[in-house]
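Q: I'd like a close look at one part of this model, with its surroundings brought in where they touch it. Please walk me through it in one go.

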Amino acid sequence: MVSSNYRRRVTELRLLRSGLQMLETEIVYASTPLPEALRRVASRVAPDVGRFFGEAASLWERPDGDPGQAIWFEALSKYLRSSALMPEDAEVLKALGASLGVSDKVDQEKNLALAKKQLEEQEQIAEAERSRYERVWRTLGFLVGATIVLAMI
């Protein structure tokens with residue numbers, strides 16, 4: 001399980017970066033309103049990451065008028081419960097949420113570009129950790145399983 005989380009983290013970071021690229025395209029080039037842009041991204045990325053964007057879109061359309069940052073944080077906290085992301089990965093997304101939907105297209109583009117760059121850096125770190133620790137955890141899991149089987153005999 002631990003070794004698969006290393007792999008999942010790399011995949012999730014890649015998918016989130018791709019989703020942010022799509023979101024940037026929707027906002028900057030298609031001038032799509034944010035809730036609709038989030039919904040479109042949700043339908044085009046992998047289901048795990050798509051649920052995050054879809055949840056953010058649903059929350060954005062609620063009538064209670066929460067500010068964008070609160071909506072983004074709520075969707076992010078729900079996503080992180082089942083995610084393999086580390087706290088430093090989540091911080092990148094939290095920082096983006098603080099500015100999402102509160103500025104013009106130019107600022108949105110800059111903030112999304114920064115978040116994508118930071119996620120790319122986190123992805124490189126995650127890939128290095130995966131290649132370093134994945135084999136160790138697999139071997140350890142096998143050895144613990146073999147020890148349990150031998151102890152039962």
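Which helix do Arg8 and Glu12 both lie in, and how many residues apart are they?

A: Both lie in helix H1, which covers residues 2-29, and they sit four residues apart, or about one turn of the helix. Before going further, a word on the ground rules: this is a predicted model, in which local features need pLDDT of at least 70 and side-chain atom pairs count only at pLDDT 80 or more, while totals for chains, interfaces and linings use all residues. Residues are numbered from 1 along each chain as its sequence is written, and side-chain values use heavy atoms, with hydrogens and water left out. Helices here are DSSP runs of H or I with at least four residues, numbered from the N terminus (strands would be E runs of at least two).

Back to H1. Arg8 and Glu12 make a salt bridge, with their closest N and O atoms 3.1 Å apart; the term means a side-chain nitrogen of Lys or Arg within 4 Å of a carboxyl oxygen of Asp or Glu. The spacing suits such a pair: an α-helix has 3.6 residues a turn, so residues three or four places apart point the same way. The two partners differ in cover, since Arg8 is partly exposed at 33% relative accessibility, whereas Glu12 is buried at 6%. For those words, buried is under 20% relative accessible area, exposed is over 50% and partly exposed is in between, using a 1.4 Å probe and protein chains only.

That's one of 15 salt bridges found in the whole structure. Others take H1 to distant parts of the chain. Take Arg9, whose side chain meets that of Glu88 in a salt bridge at 3.7 Å, N to O. Here Arg9 is in helix H1 and Glu88 in helix H5, 79 residues apart. Arg9 counts as buried because its relative accessibility is 4%, while Glu88, at 37%, is partly exposed.

Further along H1 comes Arg17, which pairs with Glu123 in a salt bridge whose closest N and O atoms are 2.8 Å apart. Arg17 lies in helix H1 and Glu123 in helix H6, so this pair ties together parts that are 106 residues apart in sequence. Arg17 is partly exposed, with a relative accessible area of 23%, and Glu123 is buried at 9%. There's also a network of salt bridges with shared partners, which joins Arg9, Glu88, Asp89 and Glu129.

Glu123 doesn't stop at Arg17, either. Setting aside neighbours within four places in sequence, Glu123 is in contact with Val10, Leu13, Arg14 and Arg17, where contact means heavy atoms within 4.5 Å.

Now the nonpolar side of the story. The largest nonpolar core has 35 residues, and those with the most contacts inside it are Leu16, Leu20, Leu23, Leu38, Phe53 and Trp72. By nonpolar core I mean a set of buried Ala, Val, Leu, Ile, Met, Phe, Trp, Tyr and Cys residues joined through side-chain atoms within 4.5 Å. H1 gives this core its largest share, eight residues. The elements giving two or more residues to the core are H1, H2, helix H3 (47-60), helix H4 (68-80), H5 and H6. To see how this works for one residue, look at Leu20: leaving out residues up to four places away in sequence, it touches Phe53, Leu93, Leu96, Leu112, Ala115, Lys116 and Leu119.

Two of those contacts, Leu93 and Leu96, bring us to H5 (residues 87-97), where Asp89, Ala90, Val92, Leu93, Leu96 and Gly97 are buried. Seen down the axis of H5, these buried residues fall within an arc of 150°, so they line one face of the helix; the arc is taken from the directions from the helix axis to the C-beta atoms.

Toward the far end of H1, Ile27 is among the contacts of Gln108, together with Ser99, Leu100, Gly101, Val102 and Ser103, again leaving aside neighbours within four places. Gln108 lies in helix H6 and is buried, with a relative accessible area of 5%. Also in H6 is Lys110, which is exposed at 53% relative accessibility. Lys110 and Glu24 are 9.4 Å apart, C-alpha to C-alpha, though 86 residues separate them in sequence.

Finally, the loop between H1 and helix H2 (34-44) holds Ser31. Most residues other than glycine have a negative phi, yet Ser31, not a glycine, has a positive phi of about 55°. Ser31 is partly exposed, at 43% relative accessible area.
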